[in-house]
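Colleague: I'm new to this one, so could you walk me through it? I'll keep asking until the picture comes together.

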Amino acid sequence: MNSAPRKTFKNPRAQHDFRSRTGSIVAVGSYVPARVLTNADLEKMVETSNEWIITRTGIRERHIARPDETTSDMAAEAARRAMAQARVKPEQIDLILVATVTPDMLFPSTACLVQEKIGARRAAAFDIEAACSGFIYGLEVGQQFIMSQSCDTVLVIGAEKLSSIVDWTDRNTCVLFGDGAGAAILQNRPGSHGLLTVHLGADGSKGSVLCVPSGGSRNPASAKTVAAREHFIRMDGKETFRNAVQAMHAAAIEVLRRCELDISQIQCVIPHQANRRIIDAVGERLGVRPDQLFVNLDRIGNTSAASVAIALDEAVAQGRIRQGDLVLLTVFGGGFTWGAAVIEW
Ligand code: ACO
């Protein structure tokens, strides 16, 4: 009888995890709002063209939340879908982590609002702010709670209502972003390697390159800050682009090195869905084949912390990731922040 060849990758965690507990992603789920905003719609709003947006970004359309639909609503729906997949009941969840830069309000945290919406009364809850890198930051934080035996079941969500902080008069940014949420259930699953390794990084000296300048304690909201449109995303696109390519590539190389893997051994590569040219530049540097790469940017746009979470769920649903496959995630976002992970599915 033919048996599958034994994989020869290394799990760096195995040497450090004295109780052999790891965080495995036992299920994923995602949600995007029904309303679709096309490039043709944007042509009516700002001086742009479908052709410019497609050639410079690769984006054709994005989903936009209803005015009354909040980040926590989308997060809760993605969570319900992941919980249904995992057959996890609300009361089994020990911890809820929500990665977002568009919380419903400054406080309480969006994670607390999600806890109420899904009825996870036993769960502790807090938000993680690492911009577009937030979901991978969340996976690592959740994994640490499982490894330390503090938690058995952790719900990690990336969720954004970026339409609420996009300046719809700024053509440099408004064509890029969309709304949505993705969720993962982490548990210690014996016999599964789960998250083999996660690498995280940050460079706070570049914070002003991509930010929302006002609305925090430095520049509290005032008539002046509103008039100056300082509650919307400000971005130096070229600087962001350059740093994103370099950091996503370096982070991916680091996790491959730790697992003693070659890129050719990875079945599915999911980069942060920010810009097709960033994805292609990172893919080219890593030597990724087209059949390894997963891209949904054309339909979803850049959903920041939700980006790789939604893509992961879609890749699983489409059969692009199967049990035993190795998955590489690599991300970059405001802060700057970045990260990469290798997952054994
Ligand atoms: N439609 C038409 N023209 C436009 C548009 C638009 N939507 N936006 C900009 N332009 C114009 C500019 O005004 C400029 O015109 P000018 O030469 O007359 O001044 C021209 O197009 C070229 O602009 P560039 O900024 O040079 O265009 P570039 O090729 O750099 O593309 C872009 C801009 C798409 C924003 C690119 O820099 C980019 O993708 N950067 C990274 C953005 C990103 O990924 N951000 C998020 C990552 S982190 C996170 O997710 C929060």
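**Walking through the predicted model**

Modeller: Let's start with a sheet: five strands make an open, mixed sheet, and their order is β1-β7-β6-β4-β5. Keep in mind that this is a predicted model.

Colleague: Which strands stand at the edges of that sheet?

Modeller: Look for strands with a single partner, because one side of such a strand is left without a neighbour in the sheet. The order runs β1-β7-β6-β4-β5. The edge strands are therefore β1 (24-31) and β5.

Colleague: By how many degrees are neighbouring strands turned against each other on average?

Modeller: Direction is ignored for this value, and it is an average over neighbouring strands of the sheet. The turn comes to 15 degrees.

Colleague: Do β4 and β5 pair in the parallel or the antiparallel sense, and over how many bridges?

Modeller: You can follow the pairing residue by residue: Leu95 stands opposite Ala124 in β5, and Leu97 is opposite Phe126 in β5. Both numbers go up together along the two strands, as you'd expect from a parallel pair. The sense is parallel, and the count of bridges is five.

Colleague: Which helix packs on the sheet by touching β4, β5 and β6?

Modeller: Its direction makes about 125 degrees with that of β4. Here β6 covers residues 153-161. The helix you want is α4.

Colleague: And at what angle to β1 does α11 run?

Modeller: This helix lies across two strands, β1 and β7 (179-187). Against β1, the angle of α11 is about 100 degrees.

Colleague: Back to β4: how many of its residues are buried?

Modeller: In a regular strand, side chains alternate between the two faces of the sheet. Here Leu95, Leu97 and Ala99 point one way from β4, Ile96 and Val98 point the other way, and all are buried. The strand is largely enclosed by the rest of the structure because the buried residues number five of the five.

Colleague: Where are the cis peptide bonds you'd show me, and what is omega for the one between Gly335 and Phe336?

Modeller: One runs from Phe107 to Pro108, with omega near 5 degrees, and Pro108 sits in the loop between β4 (95-99) and α4 (110-118). Another joins Gly335 and Phe336, with Phe336 in the loop between β12 (326-333) and β13 (337-344). For that Gly335 to Phe336 bond, omega is about -20 degrees.

Colleague: Is Ala131, with its positive phi, buried or exposed?

Modeller: Ala131 lies in the loop between β5 (124-128) and α5 (134-147), and its phi is near 50 degrees, a positive value in a residue other than glycine. Its relative accessible area is 10%, and the cut-off for buried is under 20%. So Ala131 is buried.

Colleague: What about Ser304: buried or exposed?

Modeller: Ser304 belongs to the loop between α10 (297-300) and α11 (307-317), and its phi is near 50 degrees, again positive in a residue other than glycine. Its relative accessibility is 3%, so Ser304 counts as buried.

Colleague: Why is there no disulfide bond at Cys211?

Modeller: A disulfide is a covalent bond between the sulfur atoms of two cysteines. Cys211 is partly exposed, at 25% relative accessibility. The closest cysteine sulfur, in Cys132, is too far from that of Cys211 for a bond, because the distance is 13 Å.

Colleague: How many disulfides does the structure hold, then?

Modeller: Take Cys268, which is buried at 1% relative accessibility. Its sulfur is 16 Å from the closest cysteine sulfur, in Cys259, so that's too far for a bond as well. The number of disulfides in the structure is zero.

Colleague: How far is an oxygen atom of the ligand from an N or O atom in the side chain of Arg56?

Modeller: There are 23 residues around the ligand, and Arg56, Cys132, Lys238, Asn275 and Asn302 come nearest. Ligand oxygen is 3.0 Å from a side-chain N or O atom of His272 and 3.1 Å from one of Arg277. For Arg56, the distance is 2.5 Å.

Colleague: One more: which side chain makes a polar contact with that of His199?

Modeller: His199 is in strand β8 (residues 195-202). Beyond its neighbours within four places in sequence, its contacts include Ala251, Glu254 and Trp338. The polar contact is 3.1 Å, and the partner is Arg258.

Notes
Residues are numbered from 1 along each chain as its sequence is written. This is a predicted model: local features need pLDDT of at least 70, side-chain atom pairs count only at pLDDT 80 or more; totals for chains, interfaces and linings use all residues. Side-chain values use heavy atoms; hydrogens and water are left out. Helices (H or I, at least four residues) and strands (E, at least two) are DSSP runs, numbered from the N terminus. Buried means under 20% relative accessible area, exposed over 50%, partly exposed in between (1.4 Å probe, protein chains only). Two strands pair if DSSP finds at least two bridges between them. Axes are lines fitted to C-alpha atoms, for helices over the stretch in contact, and angles run from 0 to 180 degrees between N-to-C directions. Contact means heavy atoms within 4.5 Å. A disulfide is a pair of cysteine sulfur atoms within 2.5 Å. A residue is near a molecule or strand if one of its heavy atoms lies within 4 Å of it. A polar contact is a pair of N or O atoms within 3.5 Å; within protein, one must be able to donate a hydrogen and the other to accept it, and residues adjacent in sequence count only if both atoms are side-chain atoms.
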